[in-house]
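Please open the model in your viewer and keep the selection tool at hand. We will begin with the whole chain and then move inwards, step by step.

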Amino acid sequence: MAVDTGLLPGRIRHRFPVFERRVYINSCSQGALSDSVRDAYLRYLDDWDEHGAPWEYWVEQLDAVRSRIARLLNAGEDEVAVTTSVSAGVSALASGLRFDGGRDKIVISDFEFPTIGQIWHAQERRGVRVEHVPAERDGTIPLERFEEAIDERTALVAVTHVCFRNGSRLDVQSVGRLAHERGALVLVDAFQTVGSLPVDVRALDCDFLVGGALKYLLGSAGLAFMFCRRELVSGIEPTATGWFADRDIFEMDIHDYSPAPTARRFEAGTPPIPSIYAAIAGIDLMQEIGIDETEQHVRELNALLRDGLGELGAHVVTPSEPERGGALLCVRSSDVGALVTTLDVAGIVTSSRDDNLRISAHAYNTADDVRALLEALAANRSLLA
């Protein structure tokens, strides 16, 4: 059912000052800065100035963002680790896994962000084997490719929800079901989806899920999170750790390693306090806006964008079926660096990966934004492949 593409941004666009001067359609890289996130940073500075070092209060803020993330993912607070990056969370997880019992293989898709590939390949120093699941020529990875790769020696399958390079969405629920049938654990990277569409760890039936606040959750860099199914927590003891991962962070015992009994054991050192303030503000604003409504709104904008790109003869590499894509839409370019720069000069913020122009609308974008982008692309048709 079609929605009014002006209704949602008409309600919230004024909260994002960037639109007074630019067309910002690059939320796959970073969400636009809102007034509430800017105010959150000012509150952090005021608290620091007024109280000096209010660590007890800042720990409460850490717990507050953990609670919000848990509700967002339909997880328990005891299942959520708050980290500085996805890299930190997955590194802690990898350091705590034991590759024994004949399970010494990690399966990853070729759609993964470099962090994921690099961390699992680093485990090859521990005797782990890493097998990649390749993409097809049409930019998709059918479930059959995972069926061929996952076997009785597979310890874990790492699969992204939406590929950051081409916008292709994987059927992570089916991949997870297949992995579990064969005795493997499942790690989902939801960084490119959380905030743009509902992400429910129970519905996905994953063992681990990672994401962050700076994209569609409207927070800032420096705040990420990892979900770990509570039944698995006690059996994983990370060796990449820090004082906030300890059972009692204020015990300050340098003679002992006693990890927290919850997913907090995957945390590390001093938490990113300023980013926590921003993440709370961003998540609260995103919940106020409505994630379900945002998903439908962006779907309508992307349909409008696809129609216009089709008229230009552009090559859209993101699959057209809604269930096989997310908010991110990617277009092939003959010189993507020049195209991103040209659009930026025209006041339109996008980004690129590989040879693809990345366009990612969010709740605050309008049909006029899409039309402005299409006009700029029409004027630079020679840069479209």
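Accessible areas come from the Shrake-Rupley method with a 1.4 Å probe. On that basis this predicted model exposes about 15,900 Å², of which carbon and sulfur atoms supply 49%.

Show the whole protein first, where you can find 13 helices and 12 strands. Its C-alpha atoms fill a box of roughly 65 × 60 × 35 Å along the principal axes, and 56% of the 385 residues are buried. The radius of gyration is 21 Å, which agrees with the value near 21 Å that a compact globule of 385 residues would have.

Next, select the open sheet of 7 strands, which run in the order β2-β8-β7-β6-β5-β3-β4 with mixed pairing. At its edges lie β2 (80-83) and β4 (129-133), each of which pairs on one side only, and from one strand to the next the twist averages 20°.

Within this sheet, select β6 (residues 185-189) together with β7 (residues 208-212), which pair in the parallel sense over 3 bridges. Here Val188 stands opposite Leu209 in β7.

Keep Leu209 selected and display what surrounds it: leaving aside neighbours within four places in sequence, Leu209 is in contact with ten residues you can pick out by name, including Leu73, Leu187, Val188, Phe225 and Phe227.

Which residues of the largest nonpolar core touch the most other members? Among the 71 residues of that core, they are Ile69, Leu73, Phe146 and Leu209. Finally, select helix α10 (residues 273-289), which gives the most to this core, with 11 residues.

Definitions and conventions. Residues numbered from 1 in each chain as written. Predicted model: local features only at pLDDT ≥ 70, side-chain atom pairs only at ≥ 80, totals over all residues. Heavy atoms only, no water. Core = buried A, V, L, I, M, F, W, Y, C linked by side-chain atoms within 4.5 Å. Buried < 20%, exposed > 50% of the residue type's maximum accessible area, 1.4 Å probe, protein only. Helix = DSSP H or I, 4+ residues; strand = E, 2+ residues; numbered from the N terminus. Contact = heavy atoms within 4.5 Å. Pairing = 2+ DSSP bridges. Axes fitted to C-alpha atoms, helices over the stretch in contact; angles between N-to-C directions. Rg over C-alpha atoms; globule rule 2.2 N^0.38 Å.
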